[in-house]
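User: Could you teach me how to read a strand and its neighbours in a structure? I'd like the general idea, then the case at hand.

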Amino acid sequence: MPTRPRRPPVQLLLVLAFTLAACKSGPDTSPADSPPVRGVTTVEAKNLTFLPPAIEVKPGTEVTWRFADGAVPHNVKGDGFASGNQERGSFSHRFANAGEYRYRCTLHAGMEGRVVVAAGDDG
């Protein structure tokens with residue numbers, strides 16, 4: 001009588017799945033939450049990330065996103081501003097008011113950025 005290969009019990013598979021999920025959970029930090037870089041007004045969409053992921057500018061500053069990821073399209077979508085899907089070229093938006101503006105590429109999960117608009121000292 002041939003023996004059938006043994007399969008792991010369903011309970012074991014569930015325990016493994018929950019264990020893996022627990023290992024991945026924890027503080028969900030995004031590169032966009034890193035300290036903002038000052039003095040930069042151009043952000044690159046490249047290698048499925050925004051570089052730098054967070055910038056700080058003064059009110060009235062125009063920020064430009066450059067699409068430089070080869071044939072991989074990206075976009076920039078934030079509250080009150082949005083680009084189309086682009087493989088190359090650029091998109092710009094002028095930030096008139098102080099505040100924190102989060103944005104993302106809706107084509108790639110986890111591709112997020114942040115613009116902090118703050119009236120700061122020059123010194």
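User: How many residues lie between β2 and β3 in their hairpin?

Analyst: Two residues separate β2 from β3 in the hairpin. In this predicted model, N47 in the turn has a positive phi of about 55°.

User: In which sense do β2 and β3 pair?

Analyst: Strands of a sheet pair through backbone hydrogen bonds, in either a parallel or an antiparallel sense. Here β2 (residues 42–46) and β3 (residues 49–51) pair antiparallel, over three bridges. Within that pairing, E44 has L51 of β3 as its bridge partner.

User: And in which sense do β2 and β5 pair?

Analyst: That pairing is parallel, with four bridges between β2 and β5 (residues 61–68). T42 has T64 in β5 as its bridge partner, and E44 stands opposite R66 in β5.

User: Which side chains of β2 are buried, and which are not?

Analyst: The general idea first: side chains of a regular strand alternate between the two faces of the sheet. In β2, V43 and A45 point to one face and are buried, whereas T42, E44 and K46 point to the other face and are not buried.

User: What is the strand order of the sheet?

Analyst: The order is β3-β2-β5-β8, an open sheet of four strands with mixed pairing. β3 and β8 (88–95) stand at the edges with a single partner strand each, so one side of each has no neighbour in the sheet. From one strand to the next, the twist averages 20°.

How values were computed: Residues numbered from 1 in each chain as written. Predicted model: local features only at pLDDT ≥ 70, side-chain atom pairs only at ≥ 80, totals over all residues. Heavy atoms only, no water. Buried < 20%, exposed > 50% of the residue type's maximum accessible area, 1.4 Å probe, protein only. Pairing = 2+ DSSP bridges. Axes fitted to C-alpha atoms, helices over the stretch in contact; angles between N-to-C directions.
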